[in-house]
Amino acid sequence: MAQPNSTDSLAETAYRRIEDMIVRRELSPGAMISENQLADELGCGRTPIREALQRLRLEGFVEIHPRRGVLVSPIDVRRQLELLEVRRALDTRVATLAAARATDAERAEMRRLAAEIQDAARQRDTIRYLAANRAIHGIKAAATRNSVIETMLAAVNGLSRRFWYSYVEDTDAFREAADRHAAVLIAIADRDGEAAVAAAEALLDFLERLTREAIEPKG
């Protein structure tokens, strides 16, 4: 009876590990990888690796080529603008719903995460920053009490994290981004839906500006 849950857990763990490896460029864009190599590196069987890769393929992280292996998808900056269009519609709705529906425990955790992401940014600790970023998106989505929104946001936010790490890790944008994430969280925790939407819009404006600068650098 426990085996299906165990397999599901291994596949989820493999998915998160491989996604992190791609986001942090341990698996670089254009690299060919194999199920066997990943299974050896992550210490699990090929079945959870295969399930994780299929999920990553659907989300655009990898391309699967029969008899050749798995290709880490190139980073498409212009696609990030398309993702931001989707995020703008989703994130503003998330802000409204989460402000209304979050539990007291979730609101307390949001305040903690707001401080955590700001501290990670001050320390320029990209690993902590990305972990906090993932947790922030997860708790906001969960607080909507809408499983469809949760599923949609998981894919969109994963690809956004990949862009962030690739294009702005060496800039001073971490602190501003952290402050803007924190503003959204605090407004939700305060049950202020209007302020949460405004903070979400400001965050997305900031991310769109960064994305356009990556396409057309200043100077």
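The following exchange examines the sheet, the helix packing and the confidence of a predicted model.

Residues are numbered from 1 along each chain as its sequence is written. As this is a predicted model, local features need pLDDT of at least 70, side-chain atom pairs count only at pLDDT 80 or more, and totals for chains, interfaces and linings use all residues, while side-chain values use heavy atoms, leaving out hydrogens and water.

Trainee: In the protein chain, where is confidence highest?

Mentor: Confidence is expressed as pLDDT, the predictor's score for each residue from 0 to 100. The protein chain averages 89, and 92% of the residues score at least 70. The lowest mean, 79, belongs to helix 1 (residues 3–23), and the highest, at 97, to helix 5 (residues 104–122).

Trainee: Over which residues is the pLDDT below 50?

Mentor: Where pLDDT is low, the predicted coordinates should not be read in detail. The stretch in question has zero contacts in the model beyond near neighbours in sequence, a contact being heavy atoms within 4.5 Å. The pLDDT is below 50 over residues 1–5.

Trainee: In what order do the three strands form the open sheet?

Mentor: Helices (H or I, at least four residues) and strands (E, at least two) are DSSP runs numbered from the N terminus, and two strands pair if DSSP finds at least two bridges between them. Strand 1 and strand 3 (residues 69–72) pair over two bridges, and four bridges join strand 2 to strand 3. The pairing is antiparallel, and the order is 1-3-2. Strand 1 (32–33) and strand 2 (62–65) each have a single partner strand, so both stand at the edges.

Trainee: Which residue in strand 3 is the bridge partner of Glu 63?

Mentor: Strand 2 and strand 3 form a hairpin with three residues between them, and Arg 67 in the turn has a positive phi of about 70 degrees. Val 62 stands opposite Val 72 in strand 3. For Glu 63, the bridge partner is Leu 71.

Trainee: How are helix 8 and helix 9 oriented to each other, roughly parallel or roughly antiparallel?

Mentor: The axes, lines fitted to C-alpha atoms over the stretch in contact, give angles from 0 to 180 degrees between N-to-C directions. Those of helix 8 (residues 173–189) and helix 9 (residues 193–215) come within 7 Å and cross at roughly 160 degrees. Angles under 35 degrees count as roughly parallel, over 145 as roughly antiparallel, 65 to 115 as roughly perpendicular and the rest as oblique. Helix 8 is therefore, relative to helix 9, roughly antiparallel.

Trainee: How many residues of the contact of helix 5 with helix 8 are nonpolar?

Mentor: The axes of helix 5 and helix 8 come within 9 Å and cross at roughly 170 degrees. The contact includes Met 110 and Leu 113 of helix 5 and Phe 174 and Leu 185 of helix 8. Ala, Val, Leu, Ile, Met, Phe, Trp, Tyr, Cys and Pro count as nonpolar, Asp, Glu, Lys and Arg as charged, and the others, Gly among them, as polar. Five residues of the contact are charged, two polar and 12 nonpolar.
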